[in-house]
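Colleague: I am new to this one and would love a guided tour. Could you take my questions one at a time?

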Amino acid sequence: MTGAPLPSFDGDEKTSQDGNSVGTTSGAPLPNGVVLGPDGKPCRTCTSGAAWKSMMKQTTSGSNSTSPFASMTTNKSSTASQQRAPMTIGTSDCPPDVEQLGRSTWTFLHTLAANYPERPNPTQQTETRQFMHLFSKVYPCWVCADDFRTWMSTSGNAPRVSNRDEFGQWLCEAHNAVNVKLGKKSFDCSRWEERWRTGWKDGRCD
């Protein structure tokens, strides 16, 4: 896809800021899909559950002296490590991966728009714009945050918050930009309020 990078809340992955493949500080390659954080360590909230699981398998399969991921293991005894429950993808009580974080984030943002005032006063509009910009700086997946800031800085993509429908439409467009980037189907933005505020007209949400 050409054009500016897009926000990646649905789980798009990068391996480095410049798009090149990266490895551990020791030079050993990371499994495909593992993203490093600004501190050079694997970023769980930037990485898919499958990629994280693959990395953890490599972490535990090698000895502490030879595994490139040895620094990620704890000092617990091998017996204690063997007693730990195995990690499973999609477990609800585990830290979120990039896909889980993305789905939860979109749920929050669309619900925020659904409860936004129909006629917001100037202060509410200013605060909402500020929130979206601050949000794009503190979002836990740093590559997603970078993409979202880039997308918002593109002409016509600045937050539109003059009323509820405008804000809801803007967020729907932002979400669709991600869907297009990920090869997913776009959502009909004329139905954003039905999806996120009033419920579907067929009554399935009643």
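The questions below go from the overall fold to a few charged pairs.

Colleague: How many helices and strands does the secondary structure come to?
Modeller: Happy to help, and please keep in mind that this is a predicted model. Along the sequence the pattern reads α-α-α-α-α-α-α. The count is therefore seven helices and zero strands.

Colleague: What share of the residues is buried?
Modeller: A residue counts as buried when its relative accessible area is under 20%. The protein has 206 residues, and the buried share of them is 38%.

Colleague: Of the contacts between residues at least 6 apart in sequence, what share joins residues at least 24 apart?
Modeller: Here we look at contacts in the protein and ask how far along the sequence the partners sit. Among contacts between residues at least 6 apart, the share joining residues at least 24 apart is 61%.

Colleague: Which side chain does Arg149 meet in a salt bridge?
Modeller: Look in helix H5, residues 142-153, where the partner lies three residues from Arg149, about one turn of the helix. Arg149 is partly exposed at 31% relative accessibility, and its partner is partly exposed too, at 25%. The N to O distance is 2.2 Å, and the partner is Asp146.

Colleague: How far apart in sequence are the parts that Arg160 and Glu173 tie together?
Modeller: These two form a salt bridge, with the closest N and O atoms 2.9 Å apart. Arg160 lies in the loop between H5 and helix H6 (164-181), while Glu173 is in helix H6, so the pair ties together parts of the chain separated by 13 residues.

Colleague: Is Arg164 buried or exposed?
Modeller: Arg164 forms a salt bridge with Glu193, the closest N and O atoms being 3.9 Å apart. The pair links distant parts of the chain, with Arg164 in helix H6 and Glu193 in helix H7 (residues 192-198), 29 residues apart. Glu193, at 25% relative accessibility, counts as partly exposed. Arg164 has a relative accessibility of 10%, which is under the 20% cut-off, so Arg164 counts as buried.

Colleague: Which residues are joined into one network by salt bridges that share partners?
Modeller: Side chains of opposite charge can pair when their charged atoms come close. The structure holds eight salt bridges. Those that share partners build one network, and its members are Glu118, Arg164, Glu193 and Arg197.

Key: Residues are numbered from 1 along each chain as its sequence is written. This is a predicted model: local features need pLDDT of at least 70, side-chain atom pairs count only at pLDDT 80 or more; totals for chains, interfaces and linings use all residues. Side-chain values use heavy atoms; hydrogens and water are left out. Helices (H or I, at least four residues) and strands (E, at least two) are DSSP runs, numbered from the N terminus. Buried means under 20% relative accessible area, exposed over 50%, partly exposed in between (1.4 Å probe, protein chains only). Contact means heavy atoms within 4.5 Å. A salt bridge is a side-chain nitrogen of Lys or Arg within 4 Å of a carboxyl oxygen of Asp or Glu.
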